[in-house]
Amino acid sequence: MNKLTLTLSKFAVASVTVMVTLVTPLIVQAQEIKGDAAVGKTKVAMCIGCHGIPGYQASFPEIHKVPKISGQNAKYIVAALNAYKKGERNQASMRGIAETLTDQDMADIAAYYSTHGVTAGATLADKPSRAPSAAVDALLKKGGCVACHGENFAKPIDPSYPKIAGQHADYLYVALKAYKTEKNPNIGRSNGVMAGMAKQFSNSELKEMSKYIGSLDGDLKTVSQTSFR
């Protein structure tokens with residue numbers, strides 16, 4: 001190895017060391033954002049109008065019940081809000097709200113809703129509360145749904161994935177269809193894994209899967225909130 005090569009090698013090592021030194025604190029800082037449920041309670045006035053009214057329905061671009069978010073995984077709520085903020089999910093109302101939130105706001109709101117309405121000590125069975133029909137079972141196996149969302153669809157393998165058992169069936173259906181939609185400013189979700197899964201199925205098949213998953217027992221709730229803070 002000549003002197004020039006040795007010098008360049010040392011420079012490369014030094015450059016990598018500097019990059020790691022600069023980037024590592026940023027990663028640690030991002031990981032250290034902790035949500036405070038008590039603080040989050042003071043930040044959810046914008047959420048209550050839709051998510052705090054049982055049975056409330058969105059009317060654009062398609063009519064469906066807004067999702068239950070009380071009892072949802074905090075990391076998933078943060079991931080979803082970031083997806084709206086970045087435009088990876090096309091929904092004007094949610095994007096408008098998400099764009100006003102800081103990372104700390106998202107963490108606090110997520111911490112609040114992850115514990116909102118949760119009954120201490122309550123646990124779900126490891127298996128679904130009811131068995132699917134043979135046809136739906138085949139669809140679920142084709143989609144590999146339990147691989148991410150858990151055998152009972154309420155215990156995802158990663159907390160950044162959603163609990164879906166007991167979610168409103170019409171919302172699940174609209175969400176699944178959105179992964180199939182492309183180049184539409186009002187509808188659509190950008191996620192390679194979910195898009196690949198959803199595109200295997202017809203809309204009628206997605207609807208049947210949604211009906212079954214929505215019928216299961218789960219942690220998700222809509223807790224009535226009639227006053228704004």
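1. Let's start with Lys65. At 28% relative accessibility, Lys65 comes out as partly exposed, because that value falls between the 20% limit for buried and the 50% limit for exposed. Keep in mind that this is a predicted model. Lys65 sits in strand β2.

2. Which residues does Lys65 touch, leaving aside those up to four places away in sequence? The list is Gly55, Tyr56, Gln57, His168, Asp170 and Tyr171. You can also look at the C-alpha atoms of Lys65 and Ala169: they are 8.6 Å apart, although these positions lie 104 residues apart along the chain.

3. That brings us to helix α9, residues 169–180. Its end C-alpha atoms are 17 Å apart, and with 1.5 Å a residue you'd expect its 12 residues to span 16 Å, so the two values agree.

4. Is α9 mostly covered or mostly open? Mostly covered: 9 of its 12 residues are buried. Those are Tyr171, Leu172, Tyr173, Val174, Ala175, Leu176, Lys177, Ala178 and Tyr179. Note that a lysine, Lys177, is on the buried list. What do the buried residues pack against? Their partners are β2 (64–65), α10 (192–198) and α11 (203–214).

5. Now the salt bridges. How many does the structure hold? There are 11. As background, side chains of opposite charge can pair when their charged atoms come close. One of the bridges joins Glu182 to Lys199, with the closest N and O atoms 2.6 Å apart. This pair ties together distant parts of the chain: Glu182 is in the loop between α9 and α10, and Lys199, 17 residues away, is in the loop between α10 and α11. Glu182 is exposed, at 54% relative accessible area, because the cut-off for exposed is over 50%. Lys199, at 44%, counts as partly exposed.

6. Another bridge lies within a helix. Glu208 and Lys211 are both in α11, 3 residues apart, or about one turn of the helix. Their side chains meet in a salt bridge at 3.7 Å, N to O. Both ends are partly exposed: Glu208 has 36% relative accessibility, and Lys211 has a relative accessible area of 47%.

7. Two further cases are worth a look. The side chains of Glu99 and Arg95 form a salt bridge at 3.1 Å, N to O. Glu99 is partly exposed, with a relative accessible area of 45%, and Arg95 is partly exposed too, at 34%. Elsewhere, Lys43, Asp105 and Asp108 are linked in a network of salt bridges.

8. Last, back to α11 and how it meets helix α7 (residues 134–143). The two pack at an angle of about 100 degrees, with their axes 10 Å apart. Why call them roughly perpendicular? Because angles of 65 to 115 degrees count as roughly perpendicular, and α7 and α11 therefore qualify.

9. Which residues make that contact? From α7 come Val136, Leu139 and Leu140, and they meet Glu205, Glu208, Met209, Tyr212 and Ile213 in α11. By class, the contact has 6 nonpolar, no polar and 2 charged residues. Glu208 is thus a residue to check twice: it is part of this contact, and its side chain also meets that of Lys211 in a salt bridge.

Methods. Residues are numbered from 1 along each chain as its sequence is written. This is a predicted model: local features need pLDDT of at least 70, side-chain atom pairs count only at pLDDT 80 or more; totals for chains, interfaces and linings use all residues. Side-chain values use heavy atoms; hydrogens and water are left out. Helices (H or I, at least four residues) and strands (E, at least two) are DSSP runs, numbered from the N terminus. The expected span of a helix is 1.5 Å times one less than its number of residues. Buried means under 20% relative accessible area, exposed over 50%, partly exposed in between (1.4 Å probe, protein chains only). Contact means heavy atoms within 4.5 Å. A salt bridge is a side-chain nitrogen of Lys or Arg within 4 Å of a carboxyl oxygen of Asp or Glu. Axes are lines fitted to C-alpha atoms, for helices over the stretch in contact, and angles run from 0 to 180 degrees between N-to-C directions. Angles under 35 degrees count as roughly parallel, over 145 as roughly antiparallel, 65 to 115 as roughly perpendicular and the rest as oblique. Ala, Val, Leu, Ile, Met, Phe, Trp, Tyr, Cys and Pro count as nonpolar, Asp, Glu, Lys and Arg as charged, and the others, Gly among them, as polar.
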